[in-house]
Amino acid sequence: MGGDTNSANLSDETVSSTEKVVSTKSSVFDGDCGMVASAEMGPSSIGYPEWTISITNTTEQEISAIPFYAVPCGVYGDEIAGWTSQNKLYTDTAIGAGKSDSIRYQFMEDSVKTLKLYVYSVYFADGTVWGDQDATKPTILNNGAAIEVPGQS
């Protein structure tokens, strides 16, 4: 009987060790995404919410594309349910090594007061990629690079 107990304990320890190995597996979201960004929201010229994002490429490679995931929120910071516009937005305007660019997006929903914004992939001209362009919403929210977006009143 004593041998059976030791065997069971050894088996449990083996599973635990295996779990540790799996949890240290590298992720496509590990490391620096290769850019820094800031964003702000305000009204557009026609009164709808518009956000502007300023991006600086911090690498020695040209950035070819960046997809963003936008979670529109109301005045209390709650996600707007039933929002009609697309959450996944992107730019394919090239940003040279060490260069900066600004991009504007306009919402057609005037109840958007602030935004939770995430970068979930950065595609470089040499073909390398940080992140996952096919990531699902939970993966983006848990692993994407969050960009703070101050809201409008």
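How many aromatic pairs does the structure hold? This is a predicted model, and the structure holds four aromatic pairs. One of them is formed by W51 and F68, whose rings meet edge-to-face, 6.0 Å centre to centre and with 80 degrees between the planes. W51 belongs to strand β2 (residues 49-57) and F68 to strand β3 (residues 63-73), so this pair ties together parts that are 17 residues apart in sequence. W51 is buried, and F68 is buried too. Together with Y105, W51 and F68 make up one aromatic cluster.

Another tyrosine can be considered next. Y90 is part of strand β4, which covers residues 88-91. Is Y90 buried or exposed? Its relative accessible area is 53%, and exposed means over 50%, so Y90 is exposed. Leaving aside residues up to four places away in sequence, Y90 touches I66, P67, F68 and Y105. Two of the cluster's members, F68 and Y105, are thus named among the contacts of Y90. Along the sequence Y90 and Y105 are 15 residues apart, and in space they are 9.8 Å apart, C-alpha to C-alpha.

The strands themselves can be followed from β1. Strands of a sheet pair through backbone hydrogen bonds, in either a parallel or an antiparallel way. Strand β1 (residues 35-43) runs antiparallel to β2, and nine bridges join the two. Within this pairing, A37 stands opposite I55 in β2. β1 and β2 form a hairpin, with five residues between them. In the turn of that hairpin, G47 has a positive phi of about 90 degrees.

On to the pairing of β2 with β5. These strands pair in the antiparallel sense, over seven bridges. Here T52 is the residue that stands opposite R104 in β5.

In which order do the strands of the open sheet lie? The order is β1-β2-β5, giving an open sheet of three strands with antiparallel pairing. β1 and β5 (100-106) are the edge strands, and each of them pairs on one side only. On average, neighbouring strands of this sheet are turned by 20 degrees against each other, with direction ignored.

The aromatic residues can now be placed beside this sheet. W51 lies in β2, a strand that is joined to β1 by nine bridges and to β5 by seven. F68, the partner of W51 in the edge-to-face pair, lies in β3. Y105, which shares a cluster with W51 and F68, is also touched by the exposed Y90.

Notes
Residues are numbered from 1 along each chain as its sequence is written. This is a predicted model: local features need pLDDT of at least 70, side-chain atom pairs count only at pLDDT 80 or more; totals for chains, interfaces and linings use all residues. Side-chain values use heavy atoms; hydrogens and water are left out. Rings of Phe, Tyr and Trp (its six-membered ring) pair if their centres lie within 6.5 Å; planes under 30 degrees apart count as stacked, over 60 as edge-to-face and the rest as tilted. Helices (H or I, at least four residues) and strands (E, at least two) are DSSP runs, numbered from the N terminus. Buried means under 20% relative accessible area, exposed over 50%, partly exposed in between (1.4 Å probe, protein chains only). Contact means heavy atoms within 4.5 Å. Two strands pair if DSSP finds at least two bridges between them. Axes are lines fitted to C-alpha atoms, for helices over the stretch in contact, and angles run from 0 to 180 degrees between N-to-C directions.
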